[in-house]
Amino acid sequence: MKVMLFARLRDEIGQTFIDIELPEPSNLATLKSIISENYSLLADEIQAGRVLTAVNQVLCYDEQLVITRADEIALFPPMTGG
């Protein structure tokens, strides 16, 4: 599964996306767990809740949401307005 990274997360990894082997069916909690295990630079951010997730371009807070390889997943840090 291709997971897009934005802003600080992209800068920390040095890539615009990462490829994750994800069993199906799966959910966002499993995806974040696998990412944390494989990308230590992202693990602290994910575990501290400093990563927002969009599924198919919609912000998603439901960690139990079932996802498939066909879904577009994006991770980004919280944003502020101004």
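In helix α3, the buried residues are L42, A43, E45 and I46, as seen in a model that is predicted. The cover over these buried residues of α3 is provided by several elements, including strand β1, helix α1, strand β2 (17-19) and helix α2. Just after α3, the chain passes through G49, a residue that takes a positive phi of about 75°.

L42 of α3 also belongs to the largest nonpolar core, which has 21 residues, and is one of the members that touch the most other members, along with V3, I18, L31 and I35. Two or more residues of this core come from each of β1 (2-5), α1 (7-13), α2 (28-38), α3 (40-47) and β7 (73-76), and among these elements α2 gives the most, with four residues. In soluble globular proteins, nonpolar side chains tend to be buried together. The surroundings of I18 can be listed in detail: when its neighbours within four places in sequence are left aside, I18 is in contact with M1, K2, V3, L5, I13, I35, Y39 and L42. V3, I35 and L42, which appear among these contacts of I18, are themselves among the core residues that touch the most other members.

The strands form an open sheet of five, in the order β2-β1-β7-β4-β5, and the pairing within this sheet is mixed. Because β2 and β5 stand at the edges and have a single partner strand each, one side of each of these two strands is left without a neighbour in the sheet. On average, and with direction ignored, neighbouring strands of this sheet are turned by 30° against each other. At the β2 edge, β1 and β2 run antiparallel and are joined by three bridges, and within this pairing M4 has F17 in β2 as its bridge partner.

Towards the other edge, strand β4 (residues 52-55) has pairings with both β7 and β5. With β7, β4 pairs in the antiparallel sense over four bridges, and T53 stands opposite L75 in β7. With β5 (residues 58-60), β4 pairs in the antiparallel sense over three bridges, and here V55 stands opposite V58. Two residues lie between the strands in the hairpin of β4 and β5, where N56 takes a positive phi near 55°. The side chains of β4 are divided between two directions, with L52 and A54 pointing one way and T53 and V55 the other way, yet all four of these residues are buried.

Notes. Residues numbered from 1 in each chain as written. Predicted model: local features only at pLDDT ≥ 70, side-chain atom pairs only at ≥ 80, totals over all residues. Heavy atoms only, no water. Core = buried A, V, L, I, M, F, W, Y, C linked by side-chain atoms within 4.5 Å. Buried < 20%, exposed > 50% of the residue type's maximum accessible area, 1.4 Å probe, protein only. Contact = heavy atoms within 4.5 Å. Pairing = 2+ DSSP bridges. Axes fitted to C-alpha atoms, helices over the stretch in contact; angles between N-to-C directions.
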